[in-house]
Amino acid sequence: MWWIACTTPVQIVAEPVVGGIELHATEPIDLATLVVDGEPRAMARPPAPTVDVLVPGVLPTGSSVVVEVHLASGELREVTVVVPDLPIWIEVELPAGRAPVAVGDGDVLDAIGPADADALVRVTAREPTDVRIGERTWTLVAPGSQAEAVVPVGEVRVEAGDASATVSTHLSDPGPDALRDALILGDQVFPADRRGRSDPTLPANEIVLPGALGDLAERRLGVGYRPRHDLAPWAFAGVELRSGLDQDLDVALTTEVLRSDGAPDPAFASPDGAPPIVVVRVPARGEVTAALPVWVDPHLVRPGAYVREVRARPLGLDEAVRIERAPLVVVRGSAALELGFLVSLALGIAGMLALWRGAPRFLRTTPVRDQVTIALFGAATFVVGGGFQLLGYALATALGPFAPFVSGLFDDAFRAVLLATLLQQVPRPGVIGAATAVGFLMRALALGSFHPADLVYLGTQVLLGEATAWLAGLTRDPSWVDRGRVSRWLRLSAGLAPANAIAAGLGLASTAVLYRLWWAPAYVAALVLLPGFVYVVIGCWLAVPVAESLRRVAP
């Protein structure tokens with residue numbers, strides 16, 4: 001039976017079960033308290049708010065039970081639960097050995113199985129009582145005590161104290177052909193999560209092994225980003241099953257990965273060597289999604305094309321009635337991405353060390369006037385970057401992955417205008433590092449983007465920016481600021497655009513490794529070429545007349 005407390009739009013459903021009360025809500029539950037006869041008895045707080053919560057506790061017969069539910073939104077709800085008259089819980093396995101089903105007085109249980117099979121009745125005490133099942137009796141002395149008996153299929157009577165319940169059981173055997181026609185294997189997804197739902201962060205029907213550097217680190221150092229292959233599956237395969245029968249159907253699912261010759265590949269074997277088996281119950285004329293573990297030994301598997309096979313066998317039969325196959329591709333991750341991440345990490349650390357060691361000397365030797373100018377331009381960089389970062393969020397909702405190509409026209413180009421103008425005002429070493437650090441700190445304090453990966457990117461920008469500016473002569477010889485417009489534009493572009501493009505490429509490699517992101521090569525090339533390089537060149541061209549105007553006002 002179900003008890004529902006409804007207040008639109010939130011619905012909370014409470015169901016007494018063995019061991020407590022199950023709560024199902026349409027909004028996440030943060031905390032639930034079981035109150036029996038006005039006194040709190042138990043509390044359940046999930047690690048994170050969830051819509052399904054089990055509140056443990058004992059429900060005495062005749063007691064008043066209320067569950068206080070604290071929703072994640074902060075709202076408090078009270079759900080009244082009616083305690084069953086029987087001082088016991090009754091579960092039936094039909095036939096014996098199948099998954100148990102909770103039943104009550106007057107329930108009819110219909111299942112698939114051999115006609116000569118028996119049922120198993122199990123009772124669990126909610127309070128001390130005497131129990132009688134058929135001709136056998138037990139004394140259950142404490143809550144949680146259990147008794148069970150194997151009984152013929154048919155009408156089963158269970159007595160507990162002064163109360164009793166009658167359950168009717170029926171078995172039918174439609175035969176293999178009817179089961180094959182009634183059972184349908186629907187959509188299959190791989191990789192999936194533990195509930196069989198598709199994992200949108202990974203490419204479909206594909207296993208991506210670590211690149212050459214990652215594989216070397218795992219083999220030699222035991223360092224990797226995944227659990228050991230003998231401790232956890234690589235991923236899960238989601239399988240949808242539908243049944244056209246009028247009874248619930250228990251189905252055993254197995255999955256294997258086959259080579260081109262049709263034989264199971266040992267690189268995909270489970271730790272015990274046997275194909276993994278998952279048993280699910282398909283509701284009568286309903287559907288269910290199962291999650292099958294897929295094991296991968298990265299040291300044995302080889303890149304190539306494989307076939308993933310799923311077999312469905314109703315319990316009680318020796319052979320599968322449904323077999324479905326799907327393609328599976330194994331590829332090796334990009335060593336270039338891993339190398340890019342390591343280079344980015346090394347440059348980021350070197351850049352942060354350069355900032356730490358060079359900042360005191362820079363502050364001692366730089367005139368206060370120049371420091372104020374750098375601080376103003378750094379703050380302006382934050383205003384431009386922070387504002388267009390917020391605009392980028394809005395553009396991303398409409399343009400998706402193409403948003404950087406639009407927002408970069410304002411973000412990258414305008415920041416390049418400010419930085420190129422600053423270099424024409426203060427052409428000395430350390431200016432790029434100081435301005436970039438000021439803008440980063442202000443953005444971190446205002447928008448909360450203060451993460452170790454951000455520090456690595458900051459160090460990379462500082463080191464590359466200072467190095468290319470020095471090589472291009474922007475900070476070595478200040479005489480270039482008096483040359484013609486085209487000469488200044490070309491020198492600024494040579495000093496700023498390559499550093500920004502390289503930093504963008506290394507940033508993409510780092511995020512791909514750290515956050516398991518996947519991009520098409522053409523998309524990466526476009527991001528590096530347009531926002532990373534071309535937009536900066538445009539910004540440098542715009543900065544030349546701006547700097548001329550400033551020098552006339554404040555020479």
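Accessible area here comes from the Shrake-Rupley method with a 1.4 Å probe. By that method, the protein chain in this predicted model exposes about 28100 Å², and carbon and sulfur atoms supply 60% of that surface. The chain has 555 residues, of which 44% count as buried. Let's walk through the structure topic by topic.

**Overall build**

- The protein chain is made up of 9 helices and 24 strands.
- What is the radius of gyration of the chain, and what would a compact globule of 555 residues have? The chain has 34 Å, while such a globule would have a value near 24 Å.
- Along the principal axes, the C-alpha atoms fill a box of roughly 110 × 65 × 40 Å.
- Among contacts with a separation of 6 or more, 70% are made by residues 24 or more positions apart.

**Charges and salt bridges**

- The chain carries 43 positive and 58 negative side chains, and the centres of these two sets lie 18 Å apart.
- Side chains of opposite charge can pair when their charged atoms come close.
- How many salt bridges does the count come to? There are 18 salt bridges.
- One of the pairs is Asp177 with Arg180, where the closest N and O atoms are 3.0 Å apart. Both residues belong to helix H1 (residues 176–182), and because they are 3 residues apart there, about one helical turn separates them. Asp177 is exposed, at 53% relative accessible area, whereas Arg180 is partly exposed at 33%.
- Arg197 forms a salt bridge with Asp193, with 2.9 Å between the closest N and O atoms. Arg197 is partly exposed at 49% relative accessibility, and Asp193 is partly exposed at 25%.
- Asp246 pairs with Arg285, and their closest N and O atoms are 2.7 Å apart. This pair links distant parts of the chain, with the two positions 39 residues apart in numbering: Asp246 sits in the loop between strands E19 (235–243) and E20 (249–258), and Arg285 in the loop between strands E21 (277–282) and E22 (287–294).
- A network of salt bridges links Glu93, Arg122 and Glu148.

**A closer look at Arg285**

- Is Arg285 buried or exposed? Arg285 is exposed, with a relative accessibility of 57%. Its salt-bridge partner Asp246 is also exposed, at 55%.
- Not counting neighbours within four places in sequence, Arg285 is in contact with Ser243, Gly244, Leu245 and Asp246.
- Arg285 and Arg242 are 43 residues apart along the chain, and their C-alpha atoms are separated by 7.1 Å.

**Arg488, a buried arginine**

- Arg488 is part of helix H8 (residues 485–515).
- Why does Arg488 count as buried? Its relative accessibility is 5%, and the cut-off for buried is under 20%.
- Leaving aside neighbours within four places in sequence, the residues that Arg488 contacts are Gln424, Trp480, Val481, Arg483, Val544 and Glu548.

**Pro143 and a long distance**

- Pro143 lies in the loop between strand E13 (136–140) and strand E14 (146–152). This proline is partly exposed, with a relative accessible area of 45%.
- Beyond residues up to four places away in sequence, Pro143 touches Val58, Ala125, Arg126, Glu127 and Pro128.
- How far apart in space are Pro143 and Phe362? From C-alpha to C-alpha they are 75 Å apart, and in sequence they are 219 residues apart.

**Backbone details to look for**

- The peptide bond from Leu94 to Pro95 is cis, with omega near -10 degrees. You can find Pro95 in the loop between strand E8 (88–93) and strand E9 (101–103).
- Another cis peptide bond runs from Phe190 to Pro191, with omega near 0 degrees. Pro191 is in strand E17 (residues 183–192).
- Asp37 is not a glycine, yet its phi is positive, at about 50 degrees. Asp37 sits in the loop between strand E3 (20–36) and strand E4 (39–44), and is partly exposed at 49% relative accessibility.
- Asn205 is not a glycine either, and has a positive phi of about 55 degrees. Asn205 lies in the loop between E17 and strand E18 (206–209), where this residue is partly exposed at 30% relative accessibility.

Notes
Residues are numbered from 1 along each chain as its sequence is written. This is a predicted model: local features need pLDDT of at least 70, side-chain atom pairs count only at pLDDT 80 or more; totals for chains, interfaces and linings use all residues. Side-chain values use heavy atoms; hydrogens and water are left out. Helices (H or I, at least four residues) and strands (E, at least two) are DSSP runs, numbered from the N terminus. The radius of gyration is taken over C-alpha atoms; the globule rule is 2.2 Å times the number of residues to the power 0.38. Buried means under 20% relative accessible area, exposed over 50%, partly exposed in between (1.4 Å probe, protein chains only). Contact means heavy atoms within 4.5 Å. Lys and Arg count as positive and Asp and Glu as negative; His and the chain ends are not counted. The place of a charge is taken as NZ of Lys, CZ of Arg, CG of Asp or CD of Glu. A salt bridge is a side-chain nitrogen of Lys or Arg within 4 Å of a carboxyl oxygen of Asp or Glu.
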